[in-house]
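Biologist: I am new to this structure, and I would like to understand the reasoning behind the words used for it. Could you show it and take me through them step by step?

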Amino acid sequence: TTENWQAGKSIIRRLKENGYEAVFVGGAVRDFLRQKVANDIDIATCALPEEVKLIFKRTVDVGLAHGTVLVIEDGVPIEVTTFRSDGEYEDHRRPTDVKFVRSLEEDLRRRDFTMNALAMTESFQIIDLFNGRRDLENRLIRTVGNPIDRFKEDALRMLRAIRFSAQLDFSIDHQSLKAIQSCADDLSYVSVERVTAELEKMWVSSNLHKGMTYLVSSQLADQLPGDFPFHHDKWSNLGNPQNALVCWAFLCLLQDEPSVTELTKAFRLSNESKGRIKQLVKATTIRSERMFTVDDFYLFDEEILVHAESLVHVWQIGIPPMPIETILNNKRSLPIQSKSDLVVTGKDLMGWFSKRGGPWLKEALSAIEMAVLHQKVVNDATKIKEWIMNESNSEI
Ligand code: ATP
Ligand code: MG
């Protein structure tokens with residue numbers, strides 16, 4: 001990332017050579033002061049997007065409407081955004097139109113939190129108009145300006161405050177927290193996708209319990225789909241799995257009326273995620289009732305089995321643990337891992353029985369699959385042929 005900062009510095013220098021003001025802004029400055037590696041480096045400038053594009057050879061239009069041009073410098077992509085003040089806010093969501101401005105101060109003023117409203121010159125001088133540095137030192141999340149006004153403008157900021165508390169292990173300033181409590185209802189104006197994206201950032205954060213505590217105490221949790229039963233001990237026992245799948249499954253397990261399908265649909269998760277969460281909930285439920293059987297080891301993949309084993313002990317107490325190594329050994333020593341591991345195919349069966357394909361074929365293959373899995377017959381063509389002929393004779 002030294003390379004990233006170098007690339008950023010050279011972009012700023014080029015903009016300044018062309019007579020424009022340009023600085024580092026946002027999360028990158030915050031993370032620089034915290035001596036943490038920044039996610040991505042953002043630059044703000046008074047140059048308009050078209051002006052930026054004239055200066056640099058390699059650019060990509062990533063969000064011209066919002067004033068953002070991606071500049072590729074020495075192979076490093078960096079977002080360069082024109083200073084802007086957000087236009088009118090409608091419906092407590094992000095503003096529909098933005099106004100480009102020539103002043104950095106206006107650009108910083110529209111930002112959500114003081115720690116996110118810092119700017120830095122290319123020679124690493126901090127521009128701190130809202131005491132962001134002091135708040136950063138005190139590990140405080142505080143809105144720029146009146147918190148009620150700022151949350152009324154864009155209700156997602158409330159959830160961003162909570163997500164940052166979980167990511168950074170920061171507290172939310174008292175006034176800001178009170179404002180969240182009084183504006184919590186407005187979260188309903190925000191699209192589910194944006195809400196889900198913030199929650200997913202929380203799921204992979206390293207202070208999940210802190211975030212969950214705020215989510216409930218701020219009453220924002222009441223605005224989310226499903227019920228967020230806050231079993232204090234359980235969320236704290238969960239620790240920091242830093243894994244979205246595990247957190248979604250845990251949330252499903254804690255619901256009074258467990259309906260994985262409804263909850264995952266309400267959060268508009270992808271079909272892929274929905275399926276994985278459903279499997280993990282199922283495996284955890286099974287594991288709470290008994291040890292995994294051969295069929296369980298076969299049905300679930302390693303990721304699901306391992307997560308189910310850790311989740312079940314958070315969810316229920318007194319279940320005898322099974323070492324992860326044992327689970328993996330059991331899984332890996334199965335005779336087959338899937339149907340495709342069978343040495344025989346439908347074609348073989350049609351040959352042996354001199355019969356054309358049909359529903360019988362699928363049944364016979366499933367029977368072979370189960371027999372091999374349960375070691376009634378070894379995965380060998382001659383042995384399987386012998387076994388299946390025998391089986392079909394005894395059936396008649
Ligand atoms: P991360 O490390 O998660 O990327 P970040 O601070 O860079 O953190 P982004 O969501 O990438 O967060 O936003 C970049 C900057 O844009 C923020 O630092 C903040 O200044 C501003 N910002 C983002 N979303 C909002 C918002 N809803 N309201 C006001 N300012 C915002
Ligand atoms: Mg960012």
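Modeller: In this predicted model, Arg30 touches Met115, Asn116, Leu118 and Leu136, leaving aside residues up to four places away in sequence. The place of Arg30 is in helix 2, which covers residues 27–33.

Biologist: Why is Arg30 called buried?

Modeller: A residue counts as buried if 20 or more other C-beta atoms lie within 10 Å of its own, and because Arg30 has 23 of them within 10 Å, Arg30 is buried. Arg30 also belongs to the "binding site" feature that an unreviewed UniProt entry places at Gly27, Arg30, Arg111, Asp154, Arg157, Arg160 and Arg163.

Biologist: What makes Asp154 buried, and where is Asp154 found?

Modeller: Asp154 is found in the loop between helix 6 (147–153) and helix 7 (156–168). With 22 other C-beta atoms within 10 Å, set against the cut-off of 20 or more, Asp154 is therefore buried as well.

Biologist: Why is helix 12 called oblique to helix 16?

Modeller: The axes of helix 12 (residues 244–254) and helix 16 (residues 302–315) come within 11 Å and cross at roughly 40°. Angles under 35 degrees count as roughly parallel and 65 to 115 as roughly perpendicular, so the crossing makes helix 12 oblique to helix 16. Helix 12 passes helix 16 in a right-handed crossing, and the contact is made by Leu245, Val246, Ala249, Phe250 and Leu253 of helix 12 with His307, Leu311 and Trp315 of helix 16. These contact residues divide into seven nonpolar, one polar and no charged.

Key. Residues numbered from 1 in each chain as written. Chains lettered and ligands numbered in written order. Predicted model: local features only at pLDDT ≥ 70, side-chain atom pairs only at ≥ 80, totals over all residues. UniProt positions renumbered as here; feature names shortened; annotations may be inferred. Helix = DSSP H or I, 4+ residues; strand = E, 2+ residues; numbered from the N terminus. Buried ≥ 20, exposed ≤ 12 C-beta atoms within 10 Å, placed from the backbone. Contact = placed C-beta atoms within 7 Å. Axes fitted to C-alpha atoms, helices over the stretch in contact; angles between N-to-C directions. Parallel < 35°, antiparallel > 145°, perpendicular 65-115°, else oblique. Left-handed = near helix turned anticlockwise from the far one by under 90°. Nonpolar A, V, L, I, M, F, W, Y, C, P; charged D, E, K, R; others polar.
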